[in-house]
Amino acid sequence: MWIPVVLSLSVVFWVGNCQFPPFNETCVSNAYPPNKTNAVPWYTINLDLPPKQRWTQVGQEKKAGGKIDDTLPQPYADEMRGLAEATGIPLGEIVLYNIFYELFTVCTSIVAEDPSGKLFHVRNLDFGLFLGWDVKTKTWEITDALRPTVVNLDFQKGGKTVFKSVNFAGYIGILTAVKPGMFTLTMNERFNMDGGYIGVLEWILGIRTGKWMGFLTRETMEKAESYQEAVAMLSQTEMLAPAYFIVGGNKSGEGCVITRSREKAIDVWRMDQANNWYILETNYDHWENPLFLDDRRTPAHKCMQKTTSKNVSIKGLFNVLSSKPVLNKLTTYSALMQVNSGHLESWLQYCPDPCQPF
């Protein structure tokens, strides 16, 4: 756990004039609906097409070389080749972009149940920490650069939806997705000494028994046909990086946080076993206290308790995601999902000053 401690302490010297704990923010109640200019556009990914052709429209419109490592799993290598052709970006950069999420993201994910037993799954995707802080605008440069690349994707076969996701254009893995009528999924980074950097190094050195996180989640969304099957795949498959997988089902009580080492799940924290109407994960093991400088968990719980189960809805949960410091300078988007209807909507997020850097 020394990596986030050192980095978080270092940021204090970089981001003067920003807020730090303890926070005295209030839970907002009027954030939804957001400004329509922050709505994320939709694209269709046709899985019946050859992999190199699936991302042509996204690549050409977003504009988000070289020889790709032939050991990368198919058809993802071909999809990345197709992206490189559509965008003109060197293939090596496309590959790096797709593995970078193994290394550092910070997020907040929540699965919550309303009084009728209907499940909602929401998340903030925070990305860009330590990647170019602008002291004048008090923003992270990579975060600002990523927001225009956010897209909603409808993955289809035979003209029918297989699953829906929120992606950064050019990223072919899955971080946020819903399989209508079956389950929802988000991934949060887990900081650990045996982390993604080691997994990537092993891959380079030829030890390739683990899966890339984004490709495992993609396979889960394509192949799993139930909440239980998704939990099993995400719990048992060896990976290159530790992670938290937050999974929601389609029945009352079906929600869990899978705490992963690279080899397997070390804990599956289930909402029904916790005897609660929601389950919430940031970037720390739920049995451990979060880092003082990065405690989004406590304010998020505060706002969930204020919301109460009777107000669990797209609106109510968006308000939680829009309350500081759950909303912070790293937040690129908020996603809101409801499994039974297959509903997915996402919104670009901006945190007005005064606002925490992370």
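A residue is called buried when its relative accessible area is under 20%, exposed when that area is over 50%, and partly exposed in between, using a 1.4 Å probe and protein chains only. Serine 346 comes out at 3% relative accessibility, so this serine counts as buried. That's the yardstick for much of what follows.

Before going further, some ground rules. This is a predicted model, where local features need pLDDT of at least 70 and side-chain atom pairs count only at pLDDT 80 or more, while totals for chains, interfaces and linings use all residues. Residues are numbered from 1 along each chain as its sequence is written, and side-chain values use heavy atoms, with hydrogens and water left out.

## The overall picture

The protein chain has 10 helices and 15 strands; these are DSSP runs numbered from the N terminus, with helices being H or I runs of at least four residues and strands E runs of at least two. Of the 358 residues in the chain, 58% are buried. The accessible surface adds up to about 14,500 Å², and 55% of that belongs to carbon and sulfur atoms. Those areas come from the Shrake-Rupley method with a 1.4 Å probe, and for residues only the protein chains shown count as cover.

## Two disulfides

How many disulfides are there? If a disulfide is a pair of cysteine sulfur atoms within 2.5 Å, the count comes to 2. Here they are:

| Disulfide | S to S distance |
|---|---|
| Cysteine 27 and cysteine 303 | 2.1 Å |
| Cysteine 351 and cysteine 355 | 1.9 Å |

Now for their twist. The torsion about the S-S bond of cysteine 27 and cysteine 303 is about -95 degrees, so that disulfide is left-handed. For cysteine 351 and cysteine 355 the torsion is about 105 degrees, so that one is right-handed.

Cysteine 27 and cysteine 303 are both buried. Cysteine 351 counts as buried because its relative accessibility is 7%, and cysteine 355 is buried too, at 1%. If you number the bonded cysteines in sequence order, the pairing reads 1-2, 3-4.

## Helix α9

Cysteine 303 also turns up in helix α9 (residues 297-307), whose buried residues are Arg297, Pro299, Ala300, Cys303, Met304 and Thr307. They cover an arc of only 165 degrees around the axis, which puts them on the same side of α9. That arc is taken from the directions from the helix axis to the C-beta atoms.

What do the buried residues of α9 pack against? Their partners are β2 (106-113), β13 (278-281) and α10 (314-321). Just after the helix, threonine 308 takes a positive phi of about 70 degrees.

## Cysteine 107

One of those partners, β2, contains cysteine 107. The UniProt record (an unreviewed entry) places the feature "active site" at Cys107; UniProt positions are given in the numbering used here, feature names are shortened, and annotations may be inferred rather than shown by experiment. Is cysteine 107 buried or exposed? At 0% relative accessibility, cysteine 107 counts as buried. Contact means heavy atoms within 4.5 Å. Leaving aside neighbours within four places in sequence, the contacts of cysteine 107 include Arg123, Asp126, Asn188, Glu281 and Arg296.

## Strands side by side

Two strands pair if DSSP finds at least two bridges between them. Strand β6 (residues 150-157) and β7 pair in the antiparallel sense over 8 bridges, with lysine 157 standing opposite lysine 160 in β7. The two strands form a hairpin with 2 residues between them, and glycine 158 in the turn has a positive phi of about 60 degrees.

β7 also pairs with strand β8 (residues 176-179), again antiparallel, over 2 bridges. There, serine 165 has alanine 177 in β8 as its bridge partner. In β7 (residues 160-168), 7 of the 9 residues are buried, so the strand is largely enclosed by the rest of the structure.

Another hairpin is made by β11 and β12, with 4 residues between them. Strand β11 (residues 255-260) and strand β12 (residues 265-270) pair in the antiparallel sense over 5 bridges. Cysteine 256 has arginine 270 in β12 as its bridge partner, and this cysteine is buried, with a relative accessible area of 0%.

## Back to serine 346

Serine 346 sits in strand β15 (residues 343-348). Leaving aside neighbours within four places in sequence, serine 346 is in contact with Asn38, Ala39, Val40, Asn152, Val166, Ser334 and Ala335. The C-alpha atoms of serine 346 and arginine 123 are separated by 9.5 Å, although the two are 223 residues apart along the chain.
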